[in-house]
Structures are given as C-alpha cells and as structure tokens.
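Please read the following report with the sequence and the structure side by side. It goes from the domains to a sheet and its helices, and then to the contact between chains.

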Amino acid sequence: MLQISHITKNFGSYCALNDVSLQVRRGSVFGLLGPNGAGKTTLIRIINHIIAPDSGTLLFDGHPMTDADVATIGYLPEERGLYKKMRVGEQAIYLARLKGLDKAEAERRLHQWFDRLEISSWWNRRVEELSKGMQQKVQFVVTVLHQPQLLIFDEPFSGFDPVNADLLKREILRLKSLGATIIFSTHNMSSAQELCDDIALIDQSRVVLSGSLSHIRSQHPGLDLDRIFINTVTRHE
Amino acid sequence: MNKILLVIQREYLTRVRKPSFWILTLVVPLLLAGIYAIPIILATRPIEHAGVMVVDQSGIFSGQFRSHRNITYYEGGSLEYARRQLRQNDSVDAIVYIPARETTLPQQAYLYYQSDAPSVAVQSDVNVQLQEILRNCILLDVHGITPEDYALLTSTHIRLRTQDIETGRDGFLQVKSVVGIVLAFLVFMAVFLFGSQVMRGVMEEKSSRIVEVVVCSVKPFQLMMGKVVGVGLIGLTQFALWVALSGVAMGGLRLANSGLFEQAQSKPVSQISTKGAEATAQFQAARIQAEQYEAGLGVDNSVRELVEGMANINFGLLLGVFLFYFIFGYFLYASLFAAVGSMVDNETDSQQFTVPLTLPLLLSLLLLPALLNAPSSSLSQWLSIIPFTSPVVMLFRIPFGVPIWQIVLSMALLLATFPLCTWAAAKVYRRSILRYGQKTTWRQVIEHVVK
C-alpha cells in the first residue's frame with residue numbers, strides 16, 4: 001500500500017529523519033513506535049504532504065504519491081482541534097466536504113455515525129460546549145467519514161480517556177476488518193501489542209527495528225514489547 | 001465544489017452570523033444619525049422660562065435689555081428691592097447688577113442668584129446683551145454712527161472664489177479636501193479593521209489546532225486565500241450595509257422630524273422691549289436684520305459652495321477608484337496580516353510584526369494634513385504611486401484631479417505588488433502555521449521568504 005524509501009529530512013542543522021525506509025502492507029495495522037521527538041510526527045506529515053522531504057520517495061499503490069492520493073487519507077493529527085465557535089454538525093459537514101463528499105452524503109453518513117456513537121444530541125451544540133472527550137469522538141468521526149483506504153492516527157491514545165481509548169481500539173479493528181489500512185504512532189506499547197500486525201521502532205531519526213510483530217517477538221522470546229523497546233533504544237544509544 | 005470556495009463560504013457565513021457583525025453594522029449608522037439629530041433635538045427642546053431683574057446704577061443699561069420667549073427682564077430699581085423679589089417672587093430667578101461708574105465706561109457687572117445658579121442660556125444671554133448695549137451706546141454717543149451706517153457696515157460680504165485661470169472653473173478646494181480625507185480614512189479603516197480580522201482568524205485556527213486537519217484537505221495557500229477573500233467579502237457587505245442603512249436612517253430622520261427641522265431653522269422672534277430708547281431699538285432692529293442677512297448669505301454661500309463643489313467632483317470616477325483601492329489595498333495587506341497571524345501564538349506577540357506592517361498606512365494618514373497644503377506636491381505624487389501608501393494617498397488626491405497616467409501607474413504597481421506580497425506571505429504562512437511555542441524572528445521571516 002505504502003512504500004517509504006530512504007526519506008531524509010533536516011530542519012536547519014537538526015536532522016529529523018535519517019534514511020528512513022518502511023513498508024506498509026494493505027489491510028494491516030502498522031504501529032509507528034518510538035520515544036518523543038524521534039521523528040514519528042515528521043514522517044507522518046511527510047506522508048500527508050504537509051512538509052516535503054529533503055530526499056527519498058513515497059510510493060502509494062506502486063506509483064509516486066500525488067496530492068489526490070493524499071486527499072483520500074483519513075488523518076487524525078497529534079495536534080488536533082476543531083473550530084470552537086462552530087456547531088458540531090455544521091463543522092463536521094464542512095470538513096467532510098473539504099474531503100470531497102457532497103453535502104447530502106456527508107449529512108447522511110454523519111447521522112449514521114452519530115447514532116451509532118449515541119452522540120446525535122450534540123449536532124447543534126457549539127464545539128466549545130463539549131468536553132474534551134466529546135470533541136475527540138467528533139474528531140474521530142470526521143477522520144473516518146469519507147471511508148478512507150488509508151488511515152493515519154498520530155498518537156491517537158494521548159489525551160483520550162480510557163473509555164474513548166477503548167472505543168477507538170474497537171473502531172480501529174472494525175475499520176481493519178472492513179479492509180482499511182491503518183498507520184498509528186504511539187509510545188504506548190500495550191496498545192501497539194494489542195492492535196498491530198507490523199511495527200517499526202524509530203529512535204533518533206532512524207528506524208532501529210521493524211517487521212511483523214510476531215516475527216519480532218519470536219526473536220526476543222519471553223520479552224514483552226516494552227522491554228524490547230527499552231533494550232533496543234538503550235543498545236542503540 | 002471547489003475547495004477554496006468552501007473555505008470562502010465558511011469564512012463568510014460564520015462571520016456574517018456573529019452578533020458582533022450586526023452590532024457593528026447597526027452602530028455606525030445609528031452613530032451618524034445621532035450626530036445629525038442630537039443638535040437639532042437639543043436646539044428645539046423647550047427651555048425653561050427665566051425672569052431676570054435688572055438693577056442698573058451706571059445709567060447705561062436700564063430699559064435696554066430685551067425680553068424674549070425664554071427670558072423676561074424686569075426693571076428692578078434698587079438692589080435691596082431686587083433682592084427681596086429674588087427671595088419672595090417665584091418669577092425672579094436672578095439679578096443683573098451694574099454698579100455705578102467710576103470710569104467713563106463700566107468695568108464690571110454681576111449676576112446674582114439664590115441657591116440655584118442660572119442656566120448657561122441665561123448667563124450667555126445676559127452677557128451678550130450687556131456687550132451689545134454697551135457697544136451701541138459707544139457707537140451712537142461717542143462716534144455718532146447711525147443705525148443705517150451700522151447695518152451697512154455689518155452686511156458686507158465678498159465671496160472669494162478659487163478658480164483655474166485657463167478653464168475659469170471653480171476649485172472648490174475645501175469641499176475636495178473633506179471628500180479626499182474621508183475617502184482616505186475609509187480605506188485606512190477598511191484595511192486595518194478587516195486585515196486584523198484575517199490575522200485573528202488565522203491565529204484562531206492555529207491556536208485551536210484545527211489547522212493541521214484542514215491542511216490535509218486543502219493546500220495552505222487555498223486556506224489562506226479563502227480566508228482573505230471571505231473576510232474581504234464581509235468588508236464589502238459591511239460597507240454596503242453602512243451606506244444603505246445610513247441613507248435610510250437619515251431619510252427617516254428627515255421625514256419623521258420635518259417639523260423639528262423647520263423649528264430649528266426659524267429664528268426665535270425677538271420681542272423688543274417698548275421701554276427701550278428709540279435709538280437703541282432702531283439699532284437693534286437694524287442689527288438683527290444685518291445678522292439675518294449675513295447668516296442667510298453665509299448659509300447660502302457655503303451651501304452653494306458645497307453643492308457646486310460636489311457637482312464638480314467626478315463621482316463615477318471616484319467610486320470606481322475607491323472600490324479599486326479598497327479591494328486591492330485590502331488584498332495587499334490582508335495576506336501579510338495572515339502571515340503575521342501564522343507566525344505568532346497570541347495577539348501580544350503579533351505587535352512586533354503588525355506595527356512595522358501598518359507603518360506605511362499610518363504614516364500616510366498622519367501626513368494628510370501636510371499634503372493638504374500641496375495636494376500635487378512631489379511627495380504627494382510619490383506616495384500616491386508607491387503601492388504600500390497609494391491606497392490612502394491616491395484616494396485623498398483623487399477629488400483634486402490627478403493626471404490619468406499617475407492613476408494608471410499607481411494601479412498597475414498595486415496590481416503587480418499584490419501577487420508578490422501574497423506569494424511571500426503564503427511562503428511564510430505555509431512554514432509557520434504548524435510551528436508551535438517558538439517565537440518567530442524577523443530573520444526567520446526573511447529566510448522563509450528567500451528559501
């Protein structure tokens with residue numbers, strides 16, 4: 001689905017990504033792991049064409065990734081928010097239309113989602129009246145509404161309360177079962193262990209470990225992902 | 001639907017639905033109507049009647065004070081008698097006391113009251129009449145000037161017309177300066193008001209962290225331009241509503257209060273005290289005539305000047321040029337304001353950028369009084385051609401007549417600069433919009449643009 005080859009990105013003298021290569025299989029859940037500041041968000045922003053890499057290539061379904069491909073991605077950034085003064089329904093429709101849905105279709109799908117998550121009563125409320133957890137649900141719905149083939153969640157569990165985090169995990173698995181490919185970044189190993197098929201560990205701008213979860217675990221018998229993570233990072237240092 | 005249209009639509013609709021938009025839209029015409037109506041209402045408000053007792057020991061003033069609709073003057077005789085009246089008689093509110101003369105002319109007079117000070121109207125009426133009576137006395141007794149001579153003296157009026165010697169057309173410089181300054185100020189306000197709205201909008205998107213979600217669907221440039229255009233349309237809507245509502249308010253006021261206007265325009269009929277000396281009465285009659293004549297002539301002249309002056313201005317050209325500089329002056333600055341908004345996390349930090357940004361406009365506004373002395377000086381010409389000052393200075397100059405090549409050059413330069421500015425602003429915007437918690441410096445801004 002996504003082939004990332006030799007991506008390098010520098011911000012001035014600071015190297016954010018150094019020769020990063022990864023492969024994301026169609027229909028898999030891919031965990032992008034690593035400590036804070038490792039370069040996960042930079043990589044995700046490069047995939048989303050928000051910033052351009054200094055060198056390296058991105059292949060999407062075998063062809064160089066275009067803006068049109070990017071528009072099909074469902075992306076939940078780490079720095080996420082909504083227009084505080086706008087009403088929930090109106091705002092969700094606006095964001096869905098920016099993704100290319102027409103108004104009637106956006107409204108139909110939104111009502112389905114809102115009914116399923118039992119949040120229909122929020123439709124006419126202003127975002128600023130919602131709690132943080134409520135806003136996260138709205139953000140999640142907006143991210144997946146256009147039924148993207150590729151979903152990218154950047155630190156989806158940070159800031160989510162346990163109930164919403166659990167809901168999110170179930171939704172991720174449900175979307176996977178519907179055929180979507182999912183990339184998410186996290187430093188929460190237990191959720192990665194629960195959800196991922198493949199993982200990549202990024203530390204100090206480099207990929208230090210990658211492959212399928214089962215393969216990696218068989219190479220480190222008796223260790224959980226947390227331990228493997230710490231061992232790899234410290235050895236690398 | 002094109003994405004940039006969606007952004008424009010959102011920017012426009014969210015703003016036009018805000019109560020603050022409608023409050024501002026209503027407040028300006030109401031303020032204008034108020035400025036127009038309040039003096040009229042005040043002037044026609046019934047004034048309370050006052051009685052003033054005159055005690056004159058100088059021998060000049062007794063019997064000379066004229067009573068009229070609001071103030072009645074009584075002859076008081078002795079100060080003691082007047083004092084008693086002031087205490088006991090409700091119709092006496094104050095005493096004018098002129099002591100006996102020590103020199104040829106009286107130097108002082110007193111206005112006595114008990115507990116309640118007389119109104120400003122009474123004070124000023126007493127004062128005016130004191131001066132007038134004294135002056136009439138000197139004119140007639142000392143210089144022997146007759147009322148007819150006096151009327152002639154005060155009724156002269158010569159109108160000064162400023163004209164082009166070639167065409168023989170009037171210059172109407174005063175009317176034109178007013179029109180020019182108003183136009184320049186309107187454009188300045190528009191750029192400032194709506195430019196900072198763009199900046200706050202960008203800051204809102206940045207601080208609420210919505211921007212990263214949005215820039216995955218639209219290009220940063222589209223988001224920025226959508227906002228600039230959306231707010232620009234809000235500006236045009238607001239101006240159109242201001243003009244329309246002000247017109248309606250003024251018209252309504254005129255219609256509803258046509259009676260009020262007539263009252264305000266007709267002067268109170270003076271009642272000349274029969275007790276007054278013949279000569280003085282004649283003098284006063286002549287003087288009133290002269291005043292009315294003079295006032296009538298003055299009003300006539302200034303109204304004529306205004307009407308003719310307005311007719312002399314090419315309003316079609318004016319409107320076209322105004323709209324051009326309004327729109328492109330706004331565009332020139334709005335994208336720069338958007339870039340500033342993208343660089344900072346809060347409004348306080350924005351000032352290090354907005355102050356230098358608005359300096360050219362502010363400077364040209366401050367220079368207007370100086371330019372007024374020489375609307376076609378070379379400084380004025382340069383400022384009206386340089387894009388960052390031209391929106392304000394060119395509009396100021398337009399009523400005075402500007403050579404067509406200068407207008408074309410100024411417009412062309414503005415049109416050429418605006419995409420350049422937008423391009424630079426978009427570069428800064430794209431690089432800054434996702435940076436949080438770092439203060440941007442001027443050096444970085446230049447790096448963003450150059451790289």
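In this predicted model, the C-alpha centres of domain 1 of chain B and domain 2 of chain B lie 59 Å apart. Domain 1 of chain B is assembled from the stretches 3-36, 177-257 and 311-450, while domain 2 of chain B covers residues 50-155.

A pair of residues in chain B gives a second distance to follow in the model: Gly401(B) and Ala94(B) are separated by 307 residues in sequence and, from C-alpha to C-alpha, by 58 Å in space. Gly401(B) sits in the loop that runs between α14 (390-397) and α15 (404-432) of chain B. Is Gly401(B) buried or exposed? Gly401(B) counts as partly exposed, because it has 15 C-beta neighbours inside 10 Å, and the partly exposed class lies between 12 or fewer neighbours for exposed and 20 or more for buried.

Chain B also holds an open sheet of four strands, arranged in the order β2-β1-β3-β4 with mixed pairing. Because β2 (71-75) and β4 (110-113) of chain B stand at the edges, each with a single partner strand, one side of each is left without a neighbour in the sheet. On average, and with direction ignored, neighbouring strands of this sheet are turned by 25° against each other. Strand β3 of chain B, which spans residues 94-98, pairs with β4(B) in the antiparallel sense over four bridges, and within β4(B) it is Tyr112(B) that serves as the bridge partner of Ile95(B).

Two helices of chain B that pack on the sheet are set out below, with the strands they touch and the angle that each makes with β1(B).

| Helix | Strands touched | Direction relative to β1(B) |
|---|---|---|
| α3 (residues 79-88) of chain B | β1 (50-56) and β3 of chain B | about 165° |
| α4 (residues 120-142) of chain B | β1, β2, β3 and β4 of chain B | about 35° |

The last topic is the contact between the chains, to which chain A contributes 20 residues and chain B contributes 16 residues. On the side of chain A that touches chain B, α2 (67-72) and α3 (88-98) of chain A each supply at least two residues, and α3(A) gives the most, with four residues. What kinds of residues make up the side of chain A that touches chain B? The residues of that side divide into twelve nonpolar, two polar and six charged.

How values were computed: Residues numbered from 1 in each chain as written. Chains lettered and ligands numbered in written order. Predicted model: local features only at pLDDT ≥ 70, side-chain atom pairs only at ≥ 80, totals over all residues. Contact = placed C-beta atoms within 7 Å. Nonpolar A, V, L, I, M, F, W, Y, C, P; charged D, E, K, R; others polar. Domains from an automatic or database assignment. Pairing = 2+ DSSP bridges. Axes fitted to C-alpha atoms, helices over the stretch in contact; angles between N-to-C directions.
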